[in-house]
Amino acid sequence: DESLFVYDCSSAEKQPLGEKGQDGKGTDKGSDDILAFAFSPSGDYFALTDDNKRLILFRTKPSWECVSVRFVNRRCTSLVITAAEDKIFVADKSGDVYSYSITEPQADGKLELGHVSLLLDVALSADDRYILTADRDEKIRVSLTKAPYSIVSYCMGHREFVSKILVIPNCPDLLLSASGDSTLRLWEYKSGEEVHCCQLSTICGPQATKPDQKFTVSRITYCCQGGYVAILCDSIPTVYIFQLDATARQLVYKEQISLKHKGWDIAFEEMGDLWILQEDKEAPLLLYRACDGQWKAVTDDKGLQKMSKYIQDNWTVFEGFVGAESYYSHLYKASFDNMDEYLQRKEERLQQQKKKKQDLQHASSGQAKKKMKAEEPSL
Amino acid sequence: MAAEEEEAAAPPQKRFYRQRAHSNPLADHTLSYPSRPQDMDWAALFPSFFPPDAAPGTAPARVEFVDVGCGYGGLLVALAERFPQTLAVGLELRGKVAAFTRARIRALRAARPGAYGNVACVRANAMKHLPHFFRRAQLSKLFLLFPDPHFKRTKHKWRIVSPAMLAEYGYVLRPGGLVYTVTDVPELHQWMLRHFGEHPLFEALPPAQLAAEPLLPLLPSVTEEGQRARRAGRAPNSAVFRRRPDPPAAAP
């Protein structure tokens with residue numbers, strides 16, 4: 001089927017007015033912007049959530065159709081569909097994960113687990129046994145999918161929010177994570193043990209536009225064929241490519257693809273072709289292929305030409321995101337505290353007390369001074 | 001901190017440590033906490049349990065008791081006297097209160113060398129940092145004494161007992177480990193009973209064991225909060241919950 005499927009969220013069912021959210025507040029008006037989406041592992045299902053707090057489920061075969069429109073409690077940041085294709089797990093801004101049935105596409109969501117912090121990503125192990133959640137603090141939590149109240153481990157080590165997590169499909173014990181601390185890390189996630197840490201600033205540093213440049217990974221894509229990992233960093237027009245050495249359990253930096261425009265998204269095809277979506281109407285899509293270990297742009301691909309034309313014909317959909325602000329910059333901790341000031345004052349007080357004590361000791365030997373003290377008027 | 005060390009001999013005075021009773025547990029406080037449990041310098045807090053001449057290969061001492069929101073340290077002092085060989089740490093978010101409790105423990109250690117070496121206080125946010133300090137199944141006792149009631153419905157997510165927090169308590173407690181709760185707010189007591197009762201990892205201690213629990217009669221009166229409640233004539237409600245075994249396949 002060659003025709004393009006277009007679904008306009010602005011025409012989808014809206015949450016009835018007056019209905020109150022879980023927090024007791026009235027529903028605030030959101031936009032139709034899509035906040036998160038995911039395919040099921042087989043590609044048979046696709047789900048998205050938008051700023052209007054809708055969760056929309058699609059079936060993709062034999063042809064695309066909308067299965068259901070449901071409403072979530074809070075705005076969602078990430079979602080994932082089980083390998084069994086029976087559930088969607090949705091992570092939200094208040095730190096909760098809800099599950100929504102696919103077999104009962106109208107059923108309400110069920111609270112599965114919660115963090116005391118905004119969630120940024122949710123992932124499942126390939127066999128659906130473990131559910132992994134990444135939060136705006138430094139934590140990655142690993143829980144049993146069937147008993148999510150039971151925490152198997154925490155993967156601790158990141159120093160800022162964890163922006164992306166990915167269970168390596170052909171190394172099912174390994175988790176790849178990225179954070180606002182400009183690192184990529186590999187974990188033996190069932191035990192929570194960090195097996196490799198990759199400092200992006202040392203690898204990507206020379207290209208940095210400013211000395212304190214942060215490498216906040218906004219997208220990760222993985223290709224089982226060759227174990228390639230491609231990443232995109234927030235506000236940096238470059239795609240960095242690594243290769244996973246599964247035996248040594250580490251990432252080896254390969255090369256980078258410089259873009260003329262801001263990168264929006266990246267995706268590997270099964271056989272290793274890399275798609276790049278960028279902020280440019282003239283050339284919104286790029287296709288790269290590995291040739292003797294070098295990634296080269298492909299321009300004469302029929303699929304690329306067809307997809308580029310689809311995007312250009314529907315550019316109004318993308319236009320709104322041109323020049324959009326960084327999604328991650330506000331997630332860095334703006335800490336406030338007066339403890340240092342307090343401890344400094346306390347130090348001064350202790351010094352004063354010490355001095356007073358010493359003065360008194362001196363005074364006890366000198367009668368005149370003592371007399372003067374006694375004559376001080378009491379208030 | 002030179003002067004703080006010299007202050008050790010004298011017990012701290014409350015008037016220098018005044019602070020509001022509430023602190024926002026969801027805010028980004030400037031706290032220092034380890035990135036991972038193995039990075040925590042416990043020897044600095046419990047020097048007498050980490051002798052420099054320890055035989056190589058001996059397992060380092062580990063904290064087993066945690067007082068969440070330890071306040072002015074009344075429970076820690078009582079634990080030091082009853083369990084002198086078990087490391088107990090109090091977590092307190094309010095900076096000045098934590099500083100008071102640290103000064104109090106320093107003064108007690110100085111007054112009776114050899115005693116109080118097993119208790120310490122850390123300024124930390126228990127709602128965010130438990131997995132930073134403690135490993136899975138490390139703890140045997142967790143105390144939640146007179147927690148902030150957060151009466152307003154919008155503040156219920158600040159409560160120290162919630163489904164999300166119970167999963168974390170279940171993570172740091174070993175199967176069979178105990179959680180002790182005391183509050184003078186009946187509504188909060190019901191809230192805690194309900195949440196622990198509904199959580200698959202916890203069960204109320206059976207009445208026979210509850211009656212034999214030696215710490216229980218002590219808890220309402222050892223803390224400042226408890227003494228204040230008693231003076232005001234508010235009756236404390238206590239409860240003890242036990243960490244149940246892991247569900248199958250939860251252990252790594």
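**Exercise 1. Describe how strand 11 and strand 12 of chain A are connected and paired.**

Strand 11 and strand 12 of chain A form a hairpin, with six residues between them. Residues are numbered from 1 along each chain as its sequence is written, chains are lettered from A and ligands numbered from 1 in the order in which they are written. This is a predicted model, in which local features need pLDDT of at least 70, side-chain atom pairs count only at pLDDT 80 or more, and totals for chains, interfaces and linings use all residues, while side-chain values use heavy atoms, with hydrogens and water left out.

Step one concerns the pairing: strand 11 (residues 140–144) and strand 12 of chain A pair in the antiparallel sense over four bridges, where strands (E, at least two residues) and helices (H or I, at least four) are DSSP runs numbered from the N terminus, and two strands pair if DSSP finds at least two bridges between them. Within this ladder, A:Val142 stands opposite A:Ser153 of strand 12 of chain A.

Step two concerns the surroundings: five of the five residues of strand 12 (residues 151–155) of chain A are buried, so this strand is largely enclosed by the rest of the structure. Here buried means under 20% relative accessible area, exposed means over 50%, and partly exposed lies in between (1.4 Å probe, protein chains only).

**Exercise 2. Which residue takes a positive phi in the hairpin of strand 19 and strand 20 of chain A, and how are the strands joined?**

Begin with the ladder: eight bridges join strand 19 (residues 238–245) to strand 20 (residues 250–258) of chain A, and the two run antiparallel. One facing pair is A:Ile241 and A:Glu255, the latter in strand 20 of chain A. The hairpin has four residues between the strands, and A:Arg249 takes a positive phi near 50 degrees.

**Exercise 3. Is A:Thr49 buried or exposed, and what does this residue contact?**

A:Thr49 lies in strand 2 (residues 45–50) of chain A and is buried, with a relative accessible area of 1%. Leaving aside neighbours within four places in sequence, A:Thr49 is in contact (heavy atoms within 4.5 Å) with A:Asp33, A:Ile34, A:Leu35, A:Ala36, A:Arg54, A:Leu55, A:Cys76, A:Leu79 and A:Val90. As for the chain as a whole, chain A has five helices and 24 strands, and 48% of its 379 residues count as buried.

**Exercise 4. Work out the strand order of the open seven-stranded sheet in chain B and identify what packs on the sheet.**

First, the order of this open sheet of seven strands is 3-2-1-4-5-7-6, with mixed pairing. Strand 3 (119–123) and strand 6 (202–204) of chain B stand at the edges, each with a single partner strand, so one side of each is left without a neighbour in the sheet. Neighbouring strands of this sheet are turned by 25 degrees against each other on average, direction ignored.

Second, take the edge at strand 6 of chain B, which pairs with strand 7 (residues 237–243) of chain B in the antiparallel sense over three bridges; B:Phe202 stands opposite B:Arg243 in strand 7 of chain B.

Third, helix 4 (residues 95–111) of chain B packs on the sheet, touching strand 2 (87–92) and strand 3 of chain B, and its direction makes about 160 degrees with that of strand 3 of chain B. Axes are lines fitted to C-alpha atoms, for helices over the stretch in contact, and angles run from 0 to 180 degrees between N-to-C directions. Helix 6 (residues 163–172) of chain B lies across strand 4 (139–145), strand 5 (173–183), strand 6 and strand 7 of chain B, running at about 130 degrees to strand 5 of chain B.

**Exercise 5. Which residues of helix 7 of chain B are buried, and which are exposed?**

The buried residues of helix 7 (residues 186–198) of chain B are B:Leu188, B:His189, B:Trp191, B:Met192, B:His195 and B:Phe196. Seen down the axis of helix 7 of chain B, these buried residues fall within an arc of 160 degrees (taken from the directions from the helix axis to the C-beta atoms), so they line one face of the helix. On the other side of helix 7 of chain B, B:Pro186, B:Gly197 and B:Glu198 are exposed. The buried residues of helix 7 of chain B pack against strand 4, helix 6, strand 5, strand 6 and strand 7 of chain B.

Key:
Expected span 1.5 Å × (residues − 1).
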